[in-house]
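User: Hey, can you walk me through this structure? I'm new to this, so plain words please.
Analyst: Sure, let's take a look together.

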Amino acid sequence: MELLKAFAFGVLNVLSIILPIIMLMVVIIGCIVVFASIFEKLLPKLIYKSLLVCVALVGFYIWAEPMNMGFYEFFRAMF
């Protein structure tokens, strides 16, 4: 609700929301590409596909921790 109020009053810029989401996609895709390049040939298909979900969650965690530590304010200050 605070996010909608800030956006309605013009305090929140759209780019301060879009850039962290783009970074989230890049981090998750990067984690999946690294995992796939290492383990695609080594693991059986069933285990490989089930571990892709875990790798995506790890990518989300890699993105979420810096955002929690203050990178979101960095994006807000940029725009």
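**Inside and outside**

Analyst: This is a predicted model. Its largest nonpolar core is made of five residues: C31, F35, A36, Y48 and V55.

User: Which elements give two or more residues to that core?
Analyst: Those are α2 (15-39) and α3 (45-78). The largest share, three residues, is from α2.

User: OK, and what does C31 touch, skipping residues up to four places away in sequence?
Analyst: C31 is in contact with V55, G59 and I62.

User: Switching topic: which residues make the nonpolar surface patch?
Analyst: I17, I18, I21, I22, M25, V26, I29 and V33 make the patch, and it covers about 690 Å².

User: Let's pick I18. Where is it found?
Analyst: I18 sits in helix α2.

User: And why does I18 count as partly exposed?
Analyst: Because its relative accessibility is 37%, and partly exposed runs between the 20% and 50% cut-offs.

User: Zooming out, how many helices and strands does the protein chain have?
Analyst: There are three helices and zero strands, so from the N terminus the order reads α-α-α.

User: How much of the chain is buried?
Analyst: Buried residues are 16% of the 79 residues. As for the accessible surface, it comes to about 6,100 Å², and carbon and sulfur atoms hold 78% of that.

User: Last one: what share of the contacts with a separation of 6 or more links residues 24 or more positions apart?
Analyst: In this protein chain, that share is 67%.

Technical notes. Residues are numbered from 1 along each chain as its sequence is written. This is a predicted model: local features need pLDDT of at least 70, side-chain atom pairs count only at pLDDT 80 or more; totals for chains, interfaces and linings use all residues. Side-chain values use heavy atoms; hydrogens and water are left out. A nonpolar core is a set of buried Ala, Val, Leu, Ile, Met, Phe, Trp, Tyr and Cys residues joined through side-chain atoms within 4.5 Å. Buried means under 20% relative accessible area, exposed over 50%, partly exposed in between (1.4 Å probe, protein chains only). Helices (H or I, at least four residues) and strands (E, at least two) are DSSP runs, numbered from the N terminus. Contact means heavy atoms within 4.5 Å. Patches are made of residues with over 30% relative accessible area and no salt bridge: like charges are joined within 9 Å, nonpolar side chains (Val, Leu, Ile, Met, Phe, Trp, Tyr) within 5 Å. Accessible areas come from the Shrake-Rupley method with a 1.4 Å probe; for residues, only the protein chains shown count as cover. A salt bridge is a side-chain nitrogen of Lys or Arg within 4 Å of a carboxyl oxygen of Asp or Glu.
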